[in-house]
Amino acid sequence: MVTSVPRLVVAAPSSGSGKTTVATGLMAALAARGLAVSPHKVGPDYIDPGYHALATGRVGRNLDAYLCGAELVAPLFLHGARGCDIAVVEGVMGLYDGAAGEGELASTAHVAKLLRAPVVLVVDAAKQSRSVAALVHGFASFDPQVQVAGVILNKVGSDRHEELLREALDSAGMPVLGVLRRAPQVDTPSRHLGLVPVAERRDQALEAVAAMAAQVSAGCDLDALVALARSAGAMAQTAWEAPVHPSGRRPVVAVAGGPAFTFSYAEHSELLTAAGAEVVAFDPLRDEELPEGTRGLVVGGGFPEVYAAELSANEPLRKAVADLAAGGAPVAAECAGLLYLCRELDGMPMCGVLDATARMSERLTLGYRDAVAVSDSVLAGAGTRMRGHEFHRTVVEPGAGAAPAWGVRAPERRVEGFVQRGVHASYLHTHWASEPGVARRFVERCRTS
């Protein structure tokens, strides 16, 4: 099936150039024109897609060639973009920065090539004039298969500064599709793992997205950007679909959400639903009981360290989680979920499912991981290989149980995580679309436990 989806990628020479402001503002500005905009983010980032969702009214989705494999990038894109008028893909880091030591793998350039999408380069022009042409020429010519089709200049100081930049880029044959002047930074506060998620500051986030949209609308040629997106060729791939498994009884799978647990991929709930589960969200900060009839529990990533006191104070729910796990029900916990299942976090009581303690650390643990399941669990049989991602400033002691979850290669060989009865708890974030059997296995265990 040949599909045509107008699309473009917003990239930059490096982090901090302004691509999140431009991408999110462009999504919101196009949505304000009445277009159905499909928002995407390159890489494993969970936070930016939350802002994209506010900008477009659609679920923000990730495109990660490392976690899911290059062959799934286009199908997952088409799944998210189904029924949309245009798709905007925000890049990650610098245009050509990908998985360490893996060449172009998982870089913005790699994803742009897989999508056959034109690239708009956001350049921080605050401290340069004619040199901008050399910079852009280098990025445009580095890989001839990457179509750098235009530039948006950010942090331009004056009319004269803009004139010099335009002259330089005109001589290089590179269209200028927008100019954003130096302005007070849009209110998107950060902390130890990046931007503060939307769920923690929804009203302020809405104001921030509106400010981004105003900047982009005022400074960018929206018609030219839409025309560029429409110039993208047809795609021969088929949209990804969560494999459907007919079943009788639909077990309730409770999925943690709310401000403390904001990290999740939309495809996980879609896979659980397709596998026969009834997915019900709950908020561990507010709800004192698990959803009625819960047979399985998924607790993903987030910031439990920020809400440790509130999570600890919700003793009825902590007990309900502990009782569910003690009864052998399937429990899948990633990163924040791992901390929540520990005996304590920064000295405050948590669920006590795992005989381990968690605490904040000065050290940032970050990077892609190759992993193999060490122990049979509700998610995977021993020997199953998956790729994952770690991103945290916490430490769990001990780092692995008697039956570890994963054997990890890089940065050093080690085992990590916990498998006990129905519990699978680990620091590793995985994307289940890469291994749909994970959701199917989990739901089957929910039926039979």
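Why is strand E7 (residues 176-181) largely enclosed by the rest of the structure? In this predicted model, five of the six residues of E7 are buried, so the strand is largely enclosed. Strand E6 (residues 148-156) pairs with E7. The two strands run parallel and are joined by four bridges. Within this pairing, Val151 stands opposite Val176 of E7. Helix H6 (residues 159-171) belongs to the arrangement too. Together, E6, H6 and E7 form a right-handed β-α-β unit.

Helix H1 covers residues 19-32 and has 14 residues. From first C-alpha to last, H1 reaches 19 Å, close to the 20 Å expected at 1.5 Å a residue. The helix is mostly covered, with ten of its 14 residues buried. An unbroken stretch from Val22 to Leu30 is part of this buried set. Lys19 is also buried. Just after H1, Gly34 adopts a positive phi of about 95 degrees.

Thr56 provides a link to H1. This residue lies in helix H2 (residues 48-56). Thr56 counts as buried because its relative accessibility is 14%, below the 20% cut-off. Its side chain makes two polar contacts with backbone atoms. One reaches the backbone oxygen of His52 at 3.0 Å. In the other, a polar atom of the Thr56 side chain lies 3.1 Å from the backbone nitrogen of Arg58. Beyond residues up to four places away in sequence, Thr56 touches Met27, Ala31, Val37 and Pro39. Of these, Met27 is one of the buried residues of H1.

Further along the chain, UniProt places a feature at residues 253-435, in an unreviewed entry. The feature is named "domain: CobB/CobQ-like glutamine amidotransferase". Over these residues the chain is 18% helix and 38% strand. The C-alpha atoms at the two ends of the region are 19 Å apart.

Val279 lies in strand E11 (residues 278-282). Is this residue buried or partly exposed? Val279 is partly exposed, because its relative accessible area is 28%. Val279 and Val255 are 24 residues apart in sequence. In space, their C-alpha atoms are 6.9 Å apart. Val279 touches Val255 and also Val253, Ser269, Leu272 and Thr273, with residues up to four places away in sequence not counted.

The same unreviewed annotation source, UniProt, lists Cys335 for "active site". Where does Cys335 lie? Its place is in the loop between strand E13 and helix H12 (336-341). Cys335 counts as buried because its relative accessibility is 6%. Leaving aside neighbours within four places in sequence, Cys335 is in contact with Phe391, His392, Ser426, Tyr427 and His429.

Helix H13 (residues 437-448) has twelve residues. H13 reaches 16 Å from its first C-alpha to its last, close to the 16 Å expected at 1.5 Å a residue. Its buried residues are Gly437, Val438, Ala439, Phe442, Val443, Cys446 and Arg447. What covers these buried residues? The cover includes four strands and a helix. The strands are E10 (252-256), E12 (294-299), E13 (331-334) and E17 (385-397). The helix is H9 (266-274). E13 thus appears twice in this account: it helps cover H13, and it borders the loop that holds Cys335.

Technical notes. Residues are numbered from 1 along each chain as its sequence is written. This is a predicted model: local features need pLDDT of at least 70, side-chain atom pairs count only at pLDDT 80 or more; totals for chains, interfaces and linings use all residues. Side-chain values use heavy atoms; hydrogens and water are left out. UniProt positions are given in the numbering used here, feature names are shortened, and annotations may be inferred rather than shown by experiment. Buried means under 20% relative accessible area, exposed over 50%, partly exposed in between (1.4 Å probe, protein chains only). A polar contact is a pair of N or O atoms within 3.5 Å; within protein, one must be able to donate a hydrogen and the other to accept it, and residues adjacent in sequence count only if both atoms are side-chain atoms. Contact means heavy atoms within 4.5 Å. Two strands pair if DSSP finds at least two bridges between them. A crossover is right-handed if, with the strands pointing away from the viewer, the path from the first strand over the helix to the second runs clockwise. The expected span of a helix is 1.5 Å times one less than its number of residues.
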